Amino acid sequence: MDIIASYGTVLILIAAAVGFFMAYGIGANDVANAMGTSVGSKALTIKQAIFIAMIFEFAGAYLAGGEVTSTIRKGIIDSTPFLDLPELMVLGMISALFAAGSWLLIASFLGWPVSTTHSIIGAIIGFALVAVGSEAIQWDKVAGIVGSWIVTPAISGFIAYLIFMSAQKLIFDTEAPLNNAKRYVPIYMGLAGFIMSLVTIKKGLKHIGINLGAVEGYALAIGIAVIVGIIGKIVISRLKIDPKADKKMQFNNVEKVFAILMVLTACCMAFAHGSNDVANAIGPLAAVVNIVENNGEIAKQATIAWWILPLGGFGIVAGLAILGKKVIKTIGEGITHLTPSRGFAAELAAASTVVIASGTGLPISTTQTLVGAVLGVGMARGIAALNMGVIRNIVVSWVITLPVGAALAIVIFYILRTAFGV
């Protein structure tokens, strides 16, 4: 029975509903990456963080979420075995979205920051295994993902450790922290401007058809870094602070400067996250819409219908507003005590790792990157500064994300097959 011809509109409506559900899960769980450190370091309140994230996540998702997205996220499965079985691809993508969204919802309720990318990949692997068999799965890509569980947090943790220790040595552990802050903070601001520009150029602009070459991209980022550094120097030099203030007072004022930096880096991370991770929800949805509209033909690239990007954007915003608090608390407060300077080090390290990963093609999870960076900052203060119970739960949740996503997708896939008589 040709279910695509018979139930085309119904399938698109179901796919749209589970696509929104998946985007909701991304908002509830993943947006904490951008905002958790700002809240934990008291640079922003939860309400302010959610409001800012809603604006920048939606802008990233809608403006830079991709004119064209690969039908099969990250090339994890080969579409060739499905060419004669398009209805299995449609039901599989719907079950993958529903499964991944369900797992994200469970993890968000528990306050676990898991990877949305790995959730959808696990779900896609699950349905492909039972639909056509293991030959459809690109196992080398799966191995790369498993490897990234260790590599990604390690890289970002190391970078965060270096940034935080440099700030300690150059500013906080000196006789005149405020004077040194005026000298060195503009350099940190320039570095943040450089990294955040690269994140936006690599992760955001390419989706709206602005493809800058490596040289132009770096030149633009350096230009922005210099401008940000100069503005920073002017602003900080104007700060009026009593030179006779004690060291604690000077520390507090230095932290205020880092708090402003944190908010800026969080906005850029939210924009980059929205532009990149909305594809986890809209990629499979676009695949379903395309297959139905092309009467069962599976195209390598799926053009995105006009309504799909705003659907993903609204889903992310809804999930963040309704259920985002728990994971924000885990990242911001659960792992280690954060101050604005520590939070800034973590945020900048996470952004740097995203740049390194997108340059080298390393499969990356923004969640794992940021958790690794927060761990690195905590490690700089010694192992006692880390909450090992929370860290253990987070690591367990990462490891079970792929198999749980796969298992849920298999169950839902069988239910859909039975329901549609395929």
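**Questions about a predicted model**

Author: In this predicted model, Phe 158, Tyr 161, Leu 162, Met 379, Ile 383 and Met 388 make up a nonpolar patch on the surface, with about 610 Å² of accessible area together.

Reader: Which helix gives the most to the nonpolar patch?

Author: That is helix 6 (residues 139–172), with 3 residues. Tyr 161 lies in helix 6.

Reader: Why is Tyr 161 called partly exposed?

Author: Its relative accessibility is 33%. Buried means under 20% and exposed means over 50%, so Tyr 161 falls in between and counts as partly exposed.

Reader: Thanks! What makes Tyr 7 and Phe 420 an edge-to-face pair?

Author: A search of the whole structure finds 12 aromatic pairs. For Tyr 7 and Phe 420, the ring centres are 5.4 Å apart and the planes stand at 75°. Centres within 6.5 Å make a pair, and planes over 60 degrees apart count as edge-to-face, so both conditions are met here.

Reader: Which parts of the chain does the pair tie together?

Author: Tyr 7 lies in helix 1 (residues 3–29) and Phe 420 in helix 15 (residues 388–420), so the pair links parts that are 413 residues apart in sequence.

Reader: How do you know whether Tyr 7 and Phe 420 are buried or partly exposed?

Author: Tyr 7 has 33% relative accessibility, so it counts as partly exposed. Phe 420 has 12%, and with the limit for buried at under 20%, it counts as buried. Elsewhere, Phe 82, Phe 127, Phe 413 and Tyr 414 form one aromatic cluster.

Reader: Let's turn to helix 4. How do you know that its span agrees with its number of residues?

Author: At 1.5 Å a residue, the 25 residues of helix 4 should span 36 Å, and the end C-alpha atoms are 36 Å apart, so the two agree. Helix 4 is also mostly covered, with 20 of its 25 residues buried. Just after helix 4, Gly 111 has a positive phi of about 75°.

Reader: Why does Ile 94 count as buried?

Author: Ile 94, which is found in helix 4 (residues 86–110), has 3% relative accessibility. The cut-off is under 20%, so Ile 94 counts as buried. Leaving out residues up to four places away in sequence, Ile 94 touches Leu 11, Ile 14, Ala 15, Val 18, Val 288 and Leu 416. The C-alpha atoms of Ile 94 and Asn 290 are separated by 13 Å, with their positions 196 residues apart along the chain.

Reader: What makes helix 10 largely enclosed?

Author: Of its 15 residues, 14 are buried, so helix 10 is largely enclosed by the rest of the structure. For helix 10 (residues 279–293), the expected span is 21 Å and the end C-alpha atoms are 20 Å apart, which agrees. Asn 295 follows helix 10 and has a positive phi, near 55°.

Reader: And what makes the phi of Lys 42 worth a mention?

Author: Most residues other than glycine have a negative phi. Phi of Lys 42 is near 65°, a positive value in a residue other than glycine. Lys 42 lies in the loop between helix 2 (32–40) and helix 3 (46–64). At 65% relative accessibility, against a cut-off of over 50%, Lys 42 counts as exposed.

Reader: One more: how do you know that Gly 274 is buried?

Author: Its relative accessible area is 0%, and the limit is under 20%, so Gly 274 is buried. Gly 274 is found in helix 9 (residues 247–277). Leaving aside neighbours within four places in sequence, Gly 274 is in contact with Glu 57, Gly 60 and Ala 61.

Note on methods
Residues are numbered from 1 along each chain as its sequence is written. This is a predicted model: local features need pLDDT of at least 70, side-chain atom pairs count only at pLDDT 80 or more; totals for chains, interfaces and linings use all residues. Side-chain values use heavy atoms; hydrogens and water are left out. Helices (H or I, at least four residues) and strands (E, at least two) are DSSP runs, numbered from the N terminus. The expected span of a helix is 1.5 Å times one less than its number of residues. Buried means under 20% relative accessible area, exposed over 50%, partly exposed in between (1.4 Å probe, protein chains only). Contact means heavy atoms within 4.5 Å. Rings of Phe, Tyr and Trp (its six-membered ring) pair if their centres lie within 6.5 Å; planes under 30 degrees apart count as stacked, over 60 as edge-to-face and the rest as tilted. Patches are made of residues with over 30% relative accessible area and no salt bridge: like charges are joined within 9 Å, nonpolar side chains (Val, Leu, Ile, Met, Phe, Trp, Tyr) within 5 Å. Accessible areas come from the Shrake-Rupley method with a 1.4 Å probe; for residues, only the protein chains shown count as cover. A salt bridge is a side-chain nitrogen of Lys or Arg within 4 Å of a carboxyl oxygen of Asp or Glu.
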